[in-house]
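Hi everyone, thanks for making time. I'd like to walk you through a structure that will be new to most of you, so let's put it up on the screen.

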Amino acid sequence: KESEARSSTGISITSFQNQRTKFSNSQSTSYGSSFSEHVSISGNQIQINSDDLSPTREDSKISIIGSKLSLKFSENDLREQKSKLDTSRHLSENWLAYWENEIRSSSKGNLFDFKHIGLLTLSGHTNAVKCIYSLDNESSFISGSKDKTVKLWSLKLHGGNKKNQQTCQWTYNHHKKPINSLLFLDSLRMCVSCDGSVHVWNPFAGKKMFQFDNPTVTCMSNLSSPSSSFVVATVDNFVRFIDLRTKSFAFELRTCYAPSGSIKSIATTDNLLLVGFSTGLMSLIDMRTGWIQESCKTLDNEILQLKFYSNDRFLSSYSDGSITLSSIKDKVQVQNIIKCYSEPVPFISVNQNQLITSTASNKIGIHLDIDKTSQIPFSVNKLQPDIFKGVITSQTYLPLNRLLLLGSDTGDI
């Protein structure tokens, strides 16, 4: 009766006498598992295979009192089972705090919420990390350093490593000078690195493809996917387009008509190219015709970085700590000036309507609703020395994982 009653819940518990059982222990363990010499699991049944089981036996691991079945384990049994557990995939240290924060987070969508949680330290470079570029799936990225190497990393986002450290997958070491810029072309699955000369290599085969030596390149930018070309700025203040299918310069464009300093940053959108100079001058160029649509200066300070926020708006950071949001619908027009630092802002990342900034004093700024024309809400946090050692020298944001990669002058990421 008890067996029939319990089978209604999906599990039947049946007591068998050894002289009446039709299944041997070897048969039941072939498709089940065993608690002890008296109990085995077969399918959805717990089978008690003992004829001397008694509720009064003290050495037995099973006892039946009335309608209750009890399994009793000693401390040695529990310790033995615990030693067999695979803890390599268990959350440890800051990973537990990270996932607790993710679960409890009230952030809507994929907005970044900075919580001072250091998850990984990636060591391998012997000098400052000058640039970081994430591959398209965010499971890998490349980093360029003053040590003249580019490293390929696999980003393992789990808490299995108790030391929270990882090493690189492969190192490209054909450069002769410090690396200043990196790109990854999704359409051809190729990496591009620059130390003044441009190197193109396959990160998956670990093979150098070809190299461009002249003229000297100062910065680079991708074109809209699935283009097989990219654009570089050179010391003679021209921008040149390199086509990887022909392995040659496709064409070049003039960026200004008067002396304007050296090119510090370039950014591209569908058909437009934006060039920023050390004097604060900006040139807007139509890549289809090569015409300079406009040259203007919004602030009298050196431009450090340009970043398109949308097809008709862009962000620019300056050496005095200012950040401007400008529109290019009719002409370049400043919509807002963000001033929350008294030092240069060399690193900016865009995530939806968020702006993520960092400075050499290890300050991380989160600016919300940057498309507003009124005062933009923001928060500035200083990195704690126990989670980041050294000075920030590069920054990349991973929007899919909502994580921030920071390069240090010590060579760590």
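**A surface patch, a hairpin and two cores**

Let's start with Leu71, which sits in strand E6, residues 68-71. One thing to keep in mind as we go: this is a predicted model. So is Leu71 buried, exposed or partly exposed? Its relative accessibility is 36%, and partly exposed covers the range between under 20% and over 50%, so Leu71 counts as partly exposed. Together with Phe73 and Leu78, Leu71 makes a nonpolar surface patch of about 270 Å².

Okay, on to a hairpin. Strand E15, residues 198-202, pairs with strand E16, residues 207-212; they're antiparallel, with five bridges. If you want a spot to look at, find His199, which has Gln211 of E16 opposite. Four residues lie between the two strands, and in this hairpin Gly206 has a positive phi, near 65 degrees.

Now for the inside. The largest nonpolar core has 16 residues, and the ones touching the most other members are Val239, Ile263, Ile266, Leu273 and Val275. Strands E18 (229-234), E19 (238-243), E21 (263-268), E22 (272-277) and E23 (281-286) each give two or more residues to this core. Which of them gives the most? That's E22, with three residues.

Let's zoom in on Val275. Leaving out residues up to four places away in sequence, Val275 touches a whole list, including Val239, Thr255, Ile263, Leu281 and Leu306. And apart from that core there's another, of 15 residues, with Met190, Val198, Val200 and Phe212 among them.

That's my tour, thanks for listening!

Definitions and conventions
Residues are numbered from 1 along each chain as its sequence is written. This is a predicted model: local features need pLDDT of at least 70, side-chain atom pairs count only at pLDDT 80 or more; totals for chains, interfaces and linings use all residues. Side-chain values use heavy atoms; hydrogens and water are left out. Two strands pair if DSSP finds at least two bridges between them. A nonpolar core is a set of buried Ala, Val, Leu, Ile, Met, Phe, Trp, Tyr and Cys residues joined through side-chain atoms within 4.5 Å. Buried means under 20% relative accessible area, exposed over 50%, partly exposed in between (1.4 Å probe, protein chains only). Contact means heavy atoms within 4.5 Å. Patches are made of residues with over 30% relative accessible area and no salt bridge: like charges are joined within 9 Å, nonpolar side chains (Val, Leu, Ile, Met, Phe, Trp, Tyr) within 5 Å. Accessible areas come from the Shrake-Rupley method with a 1.4 Å probe; for residues, only the protein chains shown count as cover. A salt bridge is a side-chain nitrogen of Lys or Arg within 4 Å of a carboxyl oxygen of Asp or Glu.
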